[in-house]
Amino acid sequence: MAEQLSLFGAPAQGSAPSGEESAAAAPAAPGVPVAVTPVASEPVACYASVIVDIPARALSEPFAYAVPGSLADELEPGSTVLVTFGRRKALGYVAVLARDLADLPGADGLDPARVKPLESVLARPRCAPWAGEVAFWMSREYVAPLAECLRLFLPPGGTPRLVRASDGTYRVEEPAVPEVHERVVSLAPGAEAYEPPQRAVRQRQLLAALSCGPVTTRELAALHGDLSATVRALAKRGVVKVEERRAWRGAGDSTTLSSARAAAPAHLTAGQEAALAAIDEARQAERGDVVVVDGVTGSGKTEVYLSAIERVLAEGRSACVLVPEISLTAQTVGRFRSRFGETVAVFHSRLSAGERLDQWDMVRTGAARVVVGARSALFCPFRDLGIIIIDEEHEQSYKQGSSPRYHAREVAAEMARRLHVPLVLGSATPSAEALDRCWRGSVEGQRWQRVEMPERPAGSRLPSIVIADLRREFSHGSRSIFSRQLEEALLGVAERHEKAVLLHNRRGFAPFLMCRECGCVPTCRHCSTALTYHERTHTLECHTCGAVYHVRPYPAPGSACPKCGSRYLAKMGLGTQQVEDALRALLPEHVEVIRMDADSTRGKDGHRKLLEAFDAAESAVLLGTQMIAKGLDFPEVTLVGVVMADYALKMPDFRAGERAFDLLEQVAGRAGRGERPGEVIIQTYLPDDPVIRAVASHDRSIFTSHDRSQRADAGYPPFVRLSNITCWSASEGAAERYTADLARDLRRLVAATAPERLTTVPHAPAFRDEAAAAGSGSAGTARSLSLAGDPTVAPVVLGPTPCVIARAKDRYRFHIVIKSPLGYHISETIAAVLDAHPAPSGMSVSVDIDAYDLM
């Protein structure tokens, strides 16, 4: 295989199938491969940097192609083109256009005579003009194939495919989901002069329906039944006209949630005014600044978002709003549509293929100027994006779990920097990374500012917190799921016909079964994880691979231990299904019990239907996992209960405390959002834990001072970057040997390329004085609070070791964890080692930069 030359004379890593490759021009990056074949004789109009759609990590650069004069007029950034790549034809996407080859970023010194021409233009732009640049940054940052990153920005409906027709021409295969159209009926000019016959009742109905404006035939049928014959008759007479237009699936979805409306308040609170002023300042500065809106639960952060977007839309620009949970989408979309009408698009994974395509096209055509959705909404083809908003920015769901393993906050920050638009991060519990950056004031030239919103509007107050010590309950002989305080509070809610929210972050009936005689715990045949028991279906289910096993636990007939045959296979622990049964036994019949977890929300619109049922009930308890803990706004909720707070506290993860604090603080904020005061009861065996004490006293610094000190001492984010390389194979020995080779070479390369010691940013002892440390956005103010001496750290490579889940889906898993200083670009080091050690057949490798999941 012939080597590919780079701009600097060294072989480029990972040459393509043939030595006859195009030259590459990587935006703002070195290492550009060079072509070896001359262009065609047709005059060259300009040059294009093209991302070839071959998802191989070795092809991590765009390639330079010459643009023949015949194609110049129809070519623009984002266009889909046909290129020759080696001896094959391939799809490509234009990232950059330049009149001279030297003007392409990274193409200085390339010989124009060695650059191949584009073959043809296959389609108009399918993504935003800046998508190629951001995709290239993501590829470098997250050690992922460039084509894989760019595909995030392409229309939904499947991976684009190049199809060769019988005549030898090529085309892009369109998505299998077709567009849909609708017929719109409106009054024709002069229609007011037409008087229907006395008995023409259907004509009168039609004219009355059209008197307020155009109506679709589907809407007419819903109002008056089939009026098609009447429409045709009046159309022939020129009274009405019928037009066909594109229909937007998913745009007409509505909800009965009372919280899905957002009338503008008469006055904003002082905190809301301060937040809006900071966002306006960032917007006018046009530097890509980041504003962290740190507002207590119920402080009106959504109103700040709405007001900020109103000003962006007034300038003719568009907005992107990310929410962490699909369960929040119906409520959030309803609020935004109540303010901005049908210009709001929604984008998340629960939409059908047709709905996703139509919502995408709404954004591309400009029919929608506000997009609300999960992290994938960030990649929509916005027209003149003016602001990016990430609600509940602390949520782990913003981290992608498959390649490319990006974090939406980091990608949004890079987009804001490149597009010179503000990024707004909102949360009642900002992440440690966001707080640390605000404390520093700027990151790589990007300004980070924190604004507090400490009060709730309309005089509502934060709820009172009660800690139920389960140790005391047990010592007094109680064996109930509910403590005395929580049981009495639930009965009080039922008596007063109010509503309650109950959090238990374990789905299923019991976390596991265990034999009382031999201690056997049934585990998955394909994974090294215990199986979760589900009472409704009498099944043991693996929440790692999805395997299902039918079983009958004790005392049901047929109960048997898979190891010793004993029938004493007992249910251990507590899941949401078991809590649901206990609630139904405790509460009177007029109280509805609604369970909301991953099992009960599998169907389309499952979240919305359950929330609507809870909203419509006179008295109800909403029981659920972490999906009910954030963003939901029900003024009738006066009680929040946490069945077991300790599950989250003792996970084998340095972020366990932060996640537990976020979860408890967020769910506590669901109470007391109306006129009636709220109460929160947290059941725990660890009442003295800093997380519990911080939530109980509404004082975040009790937790943050403890957590930051521990992270700084142990060398964890935000003081370092944490990367995780996972290797898995059907052969345990092969996986271990390959991972060991990677770890050895990583240590060698890190030792050769990293400075002996890099100084990280000094850390404050606490965020007790957060207003002074972060609210000012000044690093100088914060540094006066730092501990004596700045902590320093050198890159550390840990492992290889088996993963916590050592076997998943019949594959053995080993991983390497790398702690690297903030000033050291670890991605380049990892990419170089992987290039030198391609994964052998049967081996899979994943790279997770800024890892959140080390399991």
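The protein chain holds 24 helices and 37 strands, where helices (H or I, at least four residues) and strands (E, at least two) are DSSP runs, numbered from the N terminus. This is a predicted model, in which local features need pLDDT of at least 70 and side-chain atom pairs count only at pLDDT 80 or more, while totals for chains, interfaces and linings use all residues. Residues are numbered from 1 along each chain as its sequence is written, and side-chain values use heavy atoms, with hydrogens and water left out.

**The whole chain**

Display the complete chain and colour it by burial. Of its 855 residues, 56% are buried; buried means under 20% relative accessible area, exposed over 50%, and partly exposed in between (1.4 Å probe, protein chains only). Contact means heavy atoms within 4.5 Å. Among contacts between residues at least 6 apart in sequence, 75% join residues at least 24 apart.

**Strand β3 and Y47**

Select Y47, which is found in strand β3 (residues 44–52). Y47 counts as buried because its relative accessibility is 11%. Leaving aside neighbours within four places in sequence, Y47 is in contact with Y65, A66, V67, V96, L97, A98, R99, D100, L101, L104 and P112. Next, draw a C-alpha to C-alpha distance from Y47 to D103: the two are 56 residues apart in sequence and 8.8 Å apart in space.

**Helix α2 and the residue after it**

Move to helix α2, residues 131–142. The expected span of a helix is 1.5 Å times one less than its number of residues. For the 12 residues of α2 the expected span is 16 Å, and the end C-alpha atoms are 16 Å apart, so the two agree. α2 is mostly covered, with 10 of its 12 residues buried. These buried residues are A131, G132, V134, A135, F136, W137, M138, S139, E141 and Y142.

Now select V143, which follows α2 and belongs to the loop between α2 and α3 (146–150). The phi of V143 is near 50°, a positive value in a residue other than glycine. Most residues other than glycine have a negative phi, and most peptide bonds are trans. V143 counts as buried because its relative accessibility is 8%.

**Where α2 meets α11**

Keep α2 in view and add helix α11 (residues 408–419); the axes of the two come within 11 Å and cross at roughly 135°. Axes are lines fitted to C-alpha atoms, for helices over the stretch in contact, and angles run from 0 to 180 degrees between N-to-C directions. That angle makes α2 oblique to α11, since angles under 35 degrees count as roughly parallel, over 145 as roughly antiparallel, 65 to 115 as roughly perpendicular and the rest as oblique. The crossing of α2 and α11 is right-handed; a crossing is right-handed if the near helix is turned clockwise from the far one by less than a right angle, and left-handed if anticlockwise.

To see the contact, show the side chains of E133, V134, W137, M138 and Y142 from α2, together with E410, V411, E414, M415 and R418 from α11. The residues of this contact divide into six nonpolar, no polar and four charged. Here Ala, Val, Leu, Ile, Met, Phe, Trp, Tyr, Cys and Pro count as nonpolar, Asp, Glu, Lys and Arg as charged, and the others, Gly among them, as polar.

**The loop before α11**

Step back along the chain to the loop between β17 (385–391) and α11, where E395 is placed. E395 counts as buried because its relative accessibility is 12%. Beyond neighbours within four places in sequence, E395 is in contact with P324, Q626 and K630. P404 also lies in the loop between β17 and α11, and a cis peptide bond with omega of about -5° joins S403 and P404.

**Helices α7 and α8**

Select α7 (residues 270–285) and α8 (residues 301–314), which pack at an angle of about 35° with their axes 10 Å apart. Their crossing is right-handed. On α7 the contact is made by Q272, A275, L276, I279, D280 and R283, and on α8 by E303, V304, S307, A308, R311 and V312. The residues of the contact of α7 with α8 divide into six nonpolar, two polar and four charged.

**Final stops**

Select H698 in the loop between α19 (690–697) and α20 (701–714). The phi of H698 is near 55°, a positive value in a residue other than glycine. H698 counts as partly exposed because its relative accessibility is 33%.

End at P800 in strand β35 (residues 796–808). G799 and P800 are joined by a cis peptide bond, with omega of about 10°.
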